Amino acid sequence: MLQSAFNLGGTNATGQVPLMGNFGLIDRETPEDAHFRESWRDGSRMQLVFSDEFNTDGRSFYPGDDPYWEAADLHYWATNNLEWYDPAAVTTENGSLVITFSQKQTHNLNYQGGMISTWNKFCFTGGYIEVSAMLPGINNVVGMWPAVWTMGNLGRAGYGASLEGMWPYTYDACDVGTVPDQVINGQPVAATIDGDPSYNDALSVLPGQRLSRCTCPGDTTHPGPKHDDGTFVGRAAPEIDVFEAQARGERNPLRGQVSQSAQFAPFNRAWIWQNTSDNMIVTNPEISHLNTFMGSATQQATSVVTDTSQRCYELNDGCYSVYAFEYKSGYDDAYITWISENVTAWTLNAPGVGPDPSVEISARSIPQEPMYIIVNLGMSRNFGEIDFEHLTFPNHIRIDYIRVYQPMHAINIGCDPRDFPTEKYINA
């Protein structure tokens, strides 16, 4: 469901002005030569379906001020973030979206950051999302957590109750993969060993898939639809990341990198997915490698880390790099291909998250849910070490543009598509 909502009078408390003119799905200032592009997968033509160039300075993203974006006003407690997300931290300046991370006392926390999303306003299913970004701070100091990512519209980022039993499932089977902890009466044993040491080596402590294929046929809370056999389609809130930026590596000094990932549930044994050369295709092993983080008791990650431009940070050269992913949802020939610095970084083919008999689970799909876009700048020890001594504040992530394309024969935009509806469930 695409919505338009504006605060029709004046400015907000920060002096930001709601944008009233250019509010179509495609930004009028997107260059004509960017209205079409070729698929990274097969060269087929893709059509622009959404864009925001952020060229109007001083935009406000307080609730109701923008037709597609809304800034959060909350603490992202689920990942133990150290900051409060405040709409005042998000605006546009010099032709870019700017999220500012500041050292300041607010809401009993010592930092303020920002998060913006298109939840329940703009969603897409399949296609290609491209972002031009300048990363915060400097390339060799750890601690900031800038990210651009997508999530299924049935879950709202930052609202824990909406994600319970929803994230990061992407599953349409009725078996042990849908139940709490992926275990029934201690079986399968493989789901009770080689897991998370924080949870007695359990593979999973997820509460079970809330909207699973096992749902009773007469259940009125499941949003549907149903299969031909009368069972519900398994629904959830999966996640695909455009990037999460980090500074890591064995070299001295550290190097700027991006982690490009998709999260899945239920989990493979020990979170080891089928990362064979057919299913994990890395373009340049000199700069890209499998992430050492494979999973925890709450998520499984298919993730590759890539050295990114060491220049395109605000305290280096201040340039912008292009990050993206292209995907086809479903099974069999489905895939996700990630782009870093406008070249392919790696590809996940769907058989990589196929069935795992050792833990008695079926194949997980490349996400079929309508996905919305999230941009945030935060800080958390969950993401890694924080070098408080050398971090500088305030720092910023800047986004020059965000563009979404889809195959011309497979346009599928909107947050409440007929085959994966969300509106009634969200409004219930």
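**Strand 8 and its surroundings**

Tutor: Strand 5 (residues 83–85) and strand 8 run parallel, and 3 bridges join them. In that arrangement Y85 has G113 of strand 8 as its bridge partner.

Student: What kind of model is this, and how are its residues numbered?

Tutor: The model is predicted, with local features needing pLDDT of at least 70 and side-chain atom pairs counting only at pLDDT 80 or more, while totals for chains, interfaces and linings use all residues. Residues are numbered from 1 along each chain as its sequence is written, and side-chain values use heavy atoms, with hydrogens and water left out.

Student: What makes strand 8 and strand 5 a pair?

Tutor: Strands are DSSP runs of E with at least two residues, helices are runs of H or I with at least four, and both are numbered from the N terminus. Two strands pair if DSSP finds at least two bridges between them, so the 3 bridges between strand 5 and strand 8 satisfy the rule.

Student: How do you know that strand 3 also pairs with strand 8?

Tutor: Strand 3 (residues 70–71) is joined to strand 8 over 2 bridges in the antiparallel sense, and E70 stands opposite S117 of strand 8.

Student: Which bridges link strand 8 to strand 7, and which link it to strand 20?

Tutor: Strand 7 (residues 96–106) pairs with strand 8 in the antiparallel sense over 3 bridges, with Q103 opposite Y111. The hairpin of these two strands has 2 residues between them, and H107 there takes a positive phi near 50 degrees. Strand 20 (residues 371–378) is likewise antiparallel to strand 8, with 4 bridges, and V375 is the bridge partner of I116.

Student: Why is strand 8 described as mostly covered?

Tutor: A residue is buried under 20% relative accessible area, exposed over 50% and partly exposed in between (1.4 Å probe, protein chains only). In strand 8 (residues 109–117), 8 of the 9 residues are buried.

Student: Why is N120 called buried, and where does it lie?

Tutor: N120 has a relative accessible area of 6%, so it falls under the limit and counts as buried. N120 lies in the loop between strand 8 and strand 9 (127–134), with a positive phi near 60 degrees.

Student: Why does Q182 also count as buried?

Tutor: The relative accessibility of Q182 is 2%, and therefore Q182 is buried. Its phi is near 60 degrees, positive in a residue other than glycine, and it lies in the loop between helix 1 and strand 11. Most residues other than glycine have a negative phi, and most peptide bonds are trans.

Student: Which peptide bonds are cis in that loop?

Tutor: The bond joining Q187 and P188 is cis, with omega about -5 degrees, and P188 is placed between helix 1 (160–163) and strand 11 (239–248). The bond from G224 to P225 is cis too, with omega near 0 degrees, and P225 lies in the loop between helix 1 and strand 11.

Student: What makes a space a cavity, and how many of 30 Å³ or more are there?

Tutor: On a 1 Å grid over the protein atoms alone, a cavity is a set of points where a 1.4 Å probe fits but cannot get out, and lining residues have an atom within 4 Å of a point. The structure holds 1 cavity of 30 Å³ or more, and about 60 Å³ of space lies in the largest cavity, a volume being the space filled by probe spheres set on the points, which are joined across faces, edges and corners. Its lining includes Y169, D172, R235, Y331 and F420.

Technical notes:
1 Å grid on protein atoms, 1.4 Å probe; cavity = no way out; pocket = protein on both sides within 12 Å on 5 of 7 lines; lining within 4 Å.
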